[in-house]
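Hello,

Here is the structure I promised to pass on to you. Please have a look at it first, and then read my notes underneath.

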Amino acid sequence: KEDGSVVTWGSSHLGGNCSRVQGHLKDVTSLHASAGAFAALKQNGQVVTWGQEDFGGDSSKVESQLKNVQHIQPASFAFAAVLENGSVVTWGEAMSGGDSTSVQEELQNVTTLKSTAAAFAAIRSDGTLVSWGAADQGGDSQAVQAQLCQVSEVAATGKAFAAILATGRVVTWGDPAAGGDSSSVQHQLYDVQQIVGSAAA
């Protein structure tokens, strides 16, 4: 609302009831939703979450880290937040991107964050890219990692990512049936300006 407060309705256990955190929902500047939870970013850079715990509705374990948040990116079962210093904090279902421990040291100087249903991809200021989450839904980019330099933009389908390089070329990974395999059109993918993804293409 105009005054920065929030009103919810719908399935109570999937975020329709915010009574548990209502007192904290003031000065909200943006709202973000997973498949069963919400995350509200406040003017002071703090985050308030509610809804189903395994959809990211409980951020208590990382609450002390959620300060000076600049951007929140939801997936279906987890959230990721970019802080003012370029680091990233994640919470929610661990296997679906809620646990970024394996790449935490690499998550520095992050400028852009995108997600599939169960994975995240972060572009760093040096043009490199880091991914984590469900391997078959874009969380594992090792097969194309050598190509992921000078990344200017990343787009997502429900289960795959596509990165545009500074050269105008495109690199894809994730579920081949959902856009993760662009080999059949690779010869056409040059001078690309923008990529838009659907649920599976």
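Below are my notes, going from the whole chain down to one strand and one residue.

Please keep in mind that this is a predicted model.

**The chain as a whole**

The protein chain has 12 strands and 0 helices. Its pattern along the sequence is therefore simply β-β-β-β-β-β-β-β-β-β-β-β. The radius of gyration is 17 Å, close to the 17 Å from the globule rule for 201 residues, so the chain is as compact as a globular protein of that length. If you turn the model along its principal axes, the C-alpha trace spans about 55 × 35 × 30 Å.

Of the 201 residues, 46% are buried. Among contacts with a separation of 6 or more, 37% link residues that are 24 or more positions apart. The accessible surface is about 10,100 Å², and carbon and sulfur atoms contribute 48% of that. As for charge, the chain carries 10 positive and 19 negative charges, and the mean positions of these two groups lie 7 Å apart.

**Strand β8 and its two partners**

A good place to zoom in is strand β8, residues 119-124. Of its 6 residues, 5 are buried, so the strand is largely enclosed by the rest of the structure.

On one side of the pairing list is strand β7 (residues 110-115), which runs antiparallel to β8 and is joined to it by 5 bridges. Within this pair, Val110 stands opposite Arg124 of β8. A hairpin of 3 residues connects β7 to β8.

The other partner to look at is strand β9 (residues 129-133), which also pairs with β8 in the antiparallel sense, over 5 bridges. Here Ala121 has Ser131 of β9 as its bridge partner. These two strands form a hairpin as well, with 4 residues between them. In that turn, Gly127 has a positive phi of about 85°.

**A serine in a loop**

Is Ser96 buried or exposed? This residue sits in the loop between β6 (88-92) and β7. Its relative accessible area is 9%, and because buried means under 20%, Ser96 counts as buried.

What is Ser96 in contact with, leaving aside its neighbours within four places in sequence? The list is Ala75, Phe77, Ala78, Ala118, Ala119, Phe120, Gly133 and Ala134. Ala119 and Phe120 from this list fall within the residue range of β8, while Gly133 falls within that of β9.

Happy exploring, and best wishes

Terms used: Residues numbered from 1 in each chain as written. Predicted model: local features only at pLDDT ≥ 70, side-chain atom pairs only at ≥ 80, totals over all residues. Heavy atoms only, no water. Rg over C-alpha atoms; globule rule 2.2 N^0.38 Å. Buried < 20%, exposed > 50% of the residue type's maximum accessible area, 1.4 Å probe, protein only. Contact = heavy atoms within 4.5 Å. Areas by Shrake-Rupley, 256 points an atom, 1.4 Å probe, with all protein chains shown as cover. Lys, Arg positive; Asp, Glu negative; His and termini not counted. Charge placed at Lys NZ, Arg CZ, Asp CG, Glu CD. Pairing = 2+ DSSP bridges.
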